[in-house]
Amino acid sequence: MDSKTKQMILSALCKHFSLDPEPFLGGAGESDVNTLYSNVLKASGKEVSAQNNEVLKWLDFAEGFPAISKDCFAALEKLNVELVTKSVLLGNGLTPSAADVAVFSAVHSSVLGLSDSDKEKVTHVIRWINYIQNKEELSTLFAPIPVELSVFDFEVSKSVPKVEANSNTKKATEGVKPVDKSEAQPITKKTEPEEPK
């Protein structure tokens, strides 16, 4: 992996953990991605999570992401399979992890260069890319990847079936008689109590 990609991963991780990347950039080219992640994690004051082994697995994926375009697409297809039932790489929810940020940083330039027909082959990666770039607000670090969202179109039938009222409801309303004003009880006004003399 080239030092520029490592610096992008480092910058994205620092943004994810709300840290200034400047102190880390000096040795970024010589360190592997796992070491960069460890340094950023320590500086953030966050504890190593139970998912740390999974994070390290995805960091290895990010570091080993191929530079040759033919191999890149094969790696994107594998990532696409991973994302079929997931919104993010780790966890059961919608909160991106450090793994999401690192993998996004590694695959960004390859996805940016995909043709529309290739994007259609890795739709889960494209959905995930769009979510991460917006959720993590990475547009300050990376050029936005344009994503065409599907338009959901649904038809409403023109004829709406008439709903009949319950027959018991009809009988109940028929049994109510309107009241004439003359039959109504007069309303009396409350008078103010007299003040004691």
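**Group meeting: cysteines, salt bridges and helix contacts**

Let me begin with the cysteines: with a cut-off of 2.5 Å between paired cysteine sulfur atoms, the count of disulfides comes to zero. I should say at once that what we are looking at is a predicted model, and that everything I report is computed from it. Cys14 is buried, at a relative accessible area of 0%, and Cys72 is buried too, with its relative accessibility at 5%.

I turn next to the charged side chains, where a search over the whole structure returns three salt bridges. Glu54 is paired with Lys57, and the closest N and O atoms of that pair lie 3.7 Å apart. How are these two residues placed along helix 4? They sit three residues apart in that helix, which covers residues 52-63, so that about one helical turn separates Glu54 from Lys57. As for accessibility, Glu54 counts as partly exposed at 36%, and Lys57 is likewise partly exposed, with a relative accessible area of 39%.

The salt bridge between Asp118 and Lys121 can be described in a similar way, with 3.6 Å between the closest N and O atoms. Both residues belong to helix 7, residues 116-121, and because they are three residues apart there, about one helical turn lies between them. Here Asp118 is partly exposed, at 22% relative accessibility, whereas Lys121, at 51%, counts as exposed. Glu82 and Lys86 form a salt bridge as well, their closest N and O atoms being 3.3 Å apart; Glu82 is partly exposed with a relative accessible area of 32%, and Lys86 is partly exposed at 26%.

Now to the way the helices pack. Two packed helices are described by the angle between their axes together with the distance between those axes. Helix 4, which we have already met, has a partner in helix 6, residues 98-112: their axes come within 9 Å and cross at roughly 5°. Since angles under 35 degrees count as roughly parallel, helix 4 and helix 6 are therefore described as roughly parallel to each other. From helix 4, the residues in this contact are Val55, Trp58, Leu59, Phe61 and Ala62, and they meet Ala99, Ala102, Val103, Ala106 and Val107 of helix 6. Sorted by class, the residues of this contact are ten nonpolar, with no polar and no charged ones.

A second pair is helix 5, residues 69-82, with helix 8, residues 123-135, whose axes come within 7 Å and cross at roughly 80°. That crossing angle makes helix 5 roughly perpendicular to helix 8. On the helix 5 side the contact is made by Leu76, Leu79 and Asn80, and on the helix 8 side by Thr123, His124, Val125 and Trp128. In this contact of helix 5 with helix 8, four residues are nonpolar and three are polar, with no charged ones.

Finally, I would like to look at Lys15, which is found in helix 1, residues 3-16. Which residues does Lys15 contact, once its neighbours within four places in sequence are left aside? They are Glu136, Glu137, Leu138, Thr140 and Leu141. To take one of these, Leu141 is 126 residues away from Lys15 along the chain, yet the C-alpha atoms of the two are separated by 9.2 Å. Lys15 itself is partly exposed, with a relative accessible area of 33%.

Conventions:
Residues numbered from 1 in each chain as written. Predicted model: local features only at pLDDT ≥ 70, side-chain atom pairs only at ≥ 80, totals over all residues. Heavy atoms only, no water. Buried < 20%, exposed > 50% of the residue type's maximum accessible area, 1.4 Å probe, protein only. Salt bridge = Lys/Arg side-chain N within 4 Å of Asp/Glu carboxyl O. Helix = DSSP H or I, 4+ residues; strand = E, 2+ residues; numbered from the N terminus. Axes fitted to C-alpha atoms, helices over the stretch in contact; angles between N-to-C directions. Parallel < 35°, antiparallel > 145°, perpendicular 65-115°, else oblique. Contact = heavy atoms within 4.5 Å. Nonpolar A, V, L, I, M, F, W, Y, C, P; charged D, E, K, R; others polar.
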